[in-house]
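Good morning, and thank you for making time for this presentation. I would ask you to keep the structure in view while I speak.

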Amino acid sequence: MTTTSPDLSVFGVDPIWLIVGKALAVFAFLVLTPLVCIYAERKVMAWMQMRVGPNRTGPWGLLQSVADGIKLALKEGLTPAGVDRPIYLLAPVISVVPAFMAFAVIPFGPTVSVFGHVTPLQLTDLPVAVLYVLAVTSIGVYGIVLAGWSSGSTYPLLGALRSTAQVISYEVAMGLSFAAVFLFAGTMSTSGIVSAQERLWFVVMLLPSFLVYVVSMVGETNRAPFDLPEAEGELVGGFHTEYSSLRFAMFMLAEYVNMVTVSALATTLFLGGWRAPFPISVWDGANQGWWPVLWFTIKVWAFLFVFVWLRSTLPRLRYDQFMAFGWKVLIPAALLWVMVVAVVRVLVADSPHTRPVTVAVSLVFTLALALVLRTRLRRARLPRTEAQSGAAPPSSDAADGGFPVPPLPSRVARTPARTPSSRTPARNPEARTPAVRETERADVP
């Protein structure tokens, strides 16, 4: 399987007006998509949970996101006493700016003609573009940490510390999932990775990497069921508890823009980028002109729907469960899969059977990982004999070094009801002495 280096000479030669136009187009896409996503999320969640959803503001509630933005802008911006004011004001900016910067290397489509100038539908590209995305998105966590620390409050600080540990842990698994893509694409350039998927998407060849990335991107964006830094049942509102008005809106904007960014990155690395899906790809013009922008947008929205789906259906995990899953399952699985991919890449390099062999190995590894997870879940459950006896075994989480948790009500042994013979003499008239009964009779008038 031969790989060709991407042609980066087409970048950096556009006139200044075209570069500004591209930047404004990317900015408009990243601002409008969260507005539509907020409305779609509330409507889809209402449909899944048998509710109505927004239907008052505008026809069918279409202006609800605009009304929410205006409401946040008109609220009073409160600054609590005791905050570190410069850092407190800078933290929302640090959170939202890297989310926009990461989209600079995402390809929307192939080379097109714009007013007579031939240009790629991509702001820029780098030989290490994917590493640039990882570096920029990791800066966003500093905004969360500084927001919690500068607030001068305990609960925001705890939420910020949780976010730090969570993002660092799941960025390791995310980076390892990219390694297999680099091995097969032969480049870290986003346009080169899309070109390498011309015949077969990497989601088929590298299915374990795709699954690891999907779980990691949900944890990276602090979305349910992994929204532990802002678990309102434990930490009030999380790191942004002390923020209001537009500063709070900037944190929400950063969350939704990060959702779009990780979805676009997943589309680029595993779903062929802007290339059309199978039945449509038979058409010769499907991957030419402006049509690829439509395919790219549809794929991104498919991932955004998965975000909403998870939030509507899954409960929040415990923090120790979530961190244990990242360090004990995702990272070892990703490391082992990278080793397997490297071995396959060396053994069947430049062979016509590279793709079939890789697909077969990918399916076998995925099945083996599923069996391992199933076995771990079975061992974590209470044995049937103990459940029938009603005994309350010691917490398995505490034995494994996690947080001790109380036993479930079904595991607590019931106290047998007391029989009449076990009553105290004061409550049993037959058990009282004759002297006591005489005293009681004397007290009766």
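**Aromatic pairs, salt bridges and spaces**

I begin with two phenylalanines in helix α5: F178 and F182 are 4 residues apart there, so about one helical turn separates them. Please keep in mind that the model before us is a predicted one. The rings of F178 and F182 form an aromatic pair with 6.4 Å from centre to centre and 50° between the planes, an arrangement classed as tilted. How buried are these two residues? F178 has a relative accessible area of 0% and is therefore buried. F182, at 16%, is buried as well, because the limit for that word is 20%.

Let us turn to another pair of rings. F210 and F270 have ring centres 5.6 Å apart, and their planes meet at 70°, so this pair is edge-to-face. The two partners come from distant parts of the chain: F210 belongs to helix α8, which covers residues 207-220, F270 belongs to helix α10, and their positions lie 60 residues apart in the numbering. Both F210 and F270 are buried.

These two pairs belong to a wider group. Which residues do ring pairs link into a cluster? The members are F178, F182, F210, Y213, F270 and F303. In the whole structure there are 19 aromatic pairs. A ring can also have a charge over it: the charged end of R345 sits over the ring of F184, at 5.5 Å from the ring centre.

That brings us to charged side chains. As a general point, side chains of opposite charge can pair when their charged atoms come close. How many salt bridges does the structure hold? There are 5. One of them joins K22 to D14, with 3.0 Å between the closest N and O atoms. K22 and D14 are both buried.

E41 deserves attention, since two of the salt bridges I wish to describe involve this residue. In one, the side chain of E41 meets that of R223 at 2.6 Å, N to O. E41 is in helix α1, whereas R223 is in the loop between α8 and α9, and the two are 182 residues apart. Buried or exposed, how do these partners stand? E41 is buried, with a relative accessible area of 1%, and R223 is buried too, at 2%.

In the other, E41 meets R311, again at 2.6 Å from N to O. Since E41 lies in helix α1 and R311 in helix α12, residues 291-313, this salt bridge ties together parts that are 270 residues apart in sequence. R311 has a relative accessibility of 38% and so counts as partly exposed. A network of salt bridges links E41, R223, E255 and R311.

I now move to the spaces within the model. There is 1 cavity of 30 Å³ or more, and the space in the largest cavity amounts to about 370 Å³. Its lining consists of 26 residues, and those nearest the centre are I144, E220, T221, A254 and N258. Helices α3, α4, α5 and α10 are the elements that each give two or more residues to this lining. Which element provides the largest share of the lining of the largest cavity? The answer is α10, with 8 residues. By class, 15 of the lining residues are nonpolar, 8 are polar and 3 are charged.

The second largest pocket holds about 1,000 Å³ of space. It is lined by 35 residues, with I38, L72, F248, M252 and Y256 nearest its centre. Two or more residues come from each of α1, α2 and α10, and α10 gives the most, with 8. The lining of this pocket divides into 18 nonpolar, 5 polar and 12 charged residues.

I close with the backbone. Most residues other than glycine have a negative phi. Which way does phi point at M50, positive or negative? M50 has a positive phi of about 60°, although it is not a glycine. M50 lies in the loop between α1 and α2, and with 78% relative accessibility it counts as exposed. F115, which is not a glycine either, has a positive phi of about 55°. This residue is found in the loop between β1 and β2, and at 75% relative accessibility F115 is exposed, because the limit for that word is 50%.

How values were computed. Residues are numbered from 1 along each chain as its sequence is written. This is a predicted model: local features need pLDDT of at least 70, side-chain atom pairs count only at pLDDT 80 or more; totals for chains, interfaces and linings use all residues. Side-chain values use heavy atoms; hydrogens and water are left out. Buried means under 20% relative accessible area, exposed over 50%, partly exposed in between (1.4 Å probe, protein chains only). On a 1 Å grid over the protein atoms alone, a cavity is a set of points where a 1.4 Å probe fits but cannot get out, and a pocket is an open set with protein on both sides within 12 Å along at least five of seven lines; lining residues have an atom within 4 Å of a point. Grid points are joined across faces, edges and corners, and a volume is the space filled by probe spheres set on the points. Ala, Val, Leu, Ile, Met, Phe, Trp, Tyr, Cys and Pro count as nonpolar, Asp, Glu, Lys and Arg as charged, and the others, Gly among them, as polar. Rings of Phe, Tyr and Trp (its six-membered ring) pair if their centres lie within 6.5 Å; planes under 30 degrees apart count as stacked, over 60 as edge-to-face and the rest as tilted. A charge sits over a ring if NZ of Lys or CZ of Arg is within 6 Å of the ring centre and within 35 degrees of the ring normal. A salt bridge is a side-chain nitrogen of Lys or Arg within 4 Å of a carboxyl oxygen of Asp or Glu.
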